Amino acid sequence: YCLEKMDLACDNNQQQIAEEILAKGKEQYLDTFKGTPVKEVTYPTSEGHEKLIKKILDPAYDGIMTVPDRAWIALKPSSVSDSPVTSPFKERWPVAYEVEPVELPEDSPWATQHMDRQFNPYSTESSAWPKLQLDFVGVFDPQ
């Protein structure tokens, strides 16, 4: 990850600033600004996973990773469309499937353009999303 400081005209209305960035092309608009590198962080996903497990098992663990104690559920469950494909690792997984991606509309407020299932939000307003209070009691080790 490369963290950069960007020189954007800002005032106290963060909502308006975010809407202007979205209206002007999201990432493409931000790419027109020159950023000043502040910090670069590199670590493999296995290290991130390890830190997450340590934090769940010991909330006092002072690693980079934070674990939220609350979460919102933005999307309702929906089915995944897949089709069988030739497994790239036949000796380990003789059967493989490929998920057919779903493309979101261009005016979507979501930060992604593709999903692995049908887009089915509870509401366009986050205040209407179901909320969870998380209480981790452990982790599952599939081995």
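In what order do the elements of the protein chain run from the N terminus on? The answer is β-α-α-β-α-β-β-β-β-β-β, and that gives three helices and eight strands. Helices here are DSSP runs of H or I with at least four residues, strands are runs of E with at least two, and both are numbered from the N terminus.

Before going further, some ground rules. This is a predicted model, where local features need pLDDT of at least 70, side-chain atom pairs count only at pLDDT 80 or more, and totals for chains, interfaces and linings use all residues. Residues are numbered from 1 along each chain as its sequence is written, and side-chain values use heavy atoms, with hydrogens and water left out.

**Overall build**

The radius of gyration of the protein chain is 20 Å, well over the 15 Å that the globule rule gives for 143 residues, so the chain is more spread out than a compact globule. (That radius is taken over C-alpha atoms, and the rule is 2.2 Å times the number of residues to the power 0.38.) The C-alpha trace spans about 55 × 40 × 35 Å along its principal axes.

Just 13% of the 143 residues count as buried. Buried means under 20% relative accessible area, exposed means over 50%, and partly exposed is in between, with a 1.4 Å probe and protein chains only. The accessible surface comes to about 12300 Å², and carbon and sulfur atoms hold 54% of it; the areas come from the Shrake-Rupley method with a 1.4 Å probe.

Among contacts with a separation of 6 or more, 55% link residues 24 or more positions apart. A contact means heavy atoms within 4.5 Å.

**Aromatic pairs**

The structure holds four aromatic pairs. Rings of Phe, Tyr and Trp (its six-membered ring) pair if their centres lie within 6.5 Å; planes under 30 degrees apart count as stacked, over 60 as edge-to-face and the rest as tilted. For Tyr 1 and Tyr 43, the ring centres are 6.4 Å apart and the planes sit at 45°, so this pair is tilted. Tyr 1 lies in the segment before strand S1 (2-6) and Tyr 43 in the loop between strand S2 (35-40) and helix H3 (45-57), so the pair ties together parts that are 42 residues apart in sequence. Tyr 29 and Phe 33 make an edge-to-face pair, with 5.2 Å from centre to centre and 85° between the planes.

How open are these residues to the surface? Here they are, with Lys 26 added:

| Residue | Relative accessibility | Class |
|---|---|---|
| Tyr 1 | 67% | exposed |
| Tyr 43 | 28% | partly exposed |
| Tyr 29 | 21% | partly exposed |
| Phe 33 | 26% | partly exposed |
| Lys 26 | 22% | partly exposed |

Tyr 43 isn't alone in touching Tyr 1: not counting residues up to four places away in sequence, Tyr 1 touches Lys 39, Glu 40, Val 41 and Tyr 43. Tyr 1 and Leu 52 are 51 residues apart in sequence and 17 Å apart in space, C-alpha to C-alpha.

**Lys 26**

Where does Lys 26 sit? It's in the loop between helix H1 (14-23) and helix H2 (27-30). Most residues other than glycine have a negative phi. Lys 26, though not a glycine, has a positive phi of about 55°.

Leaving aside neighbours within four places in sequence, Lys 26 is in contact with Ile 21, Glu 106, Ser 108 and Trp 110. Lys 26 and Ala 111 are 85 residues apart in sequence, yet 9.2 Å apart in space, C-alpha to C-alpha.
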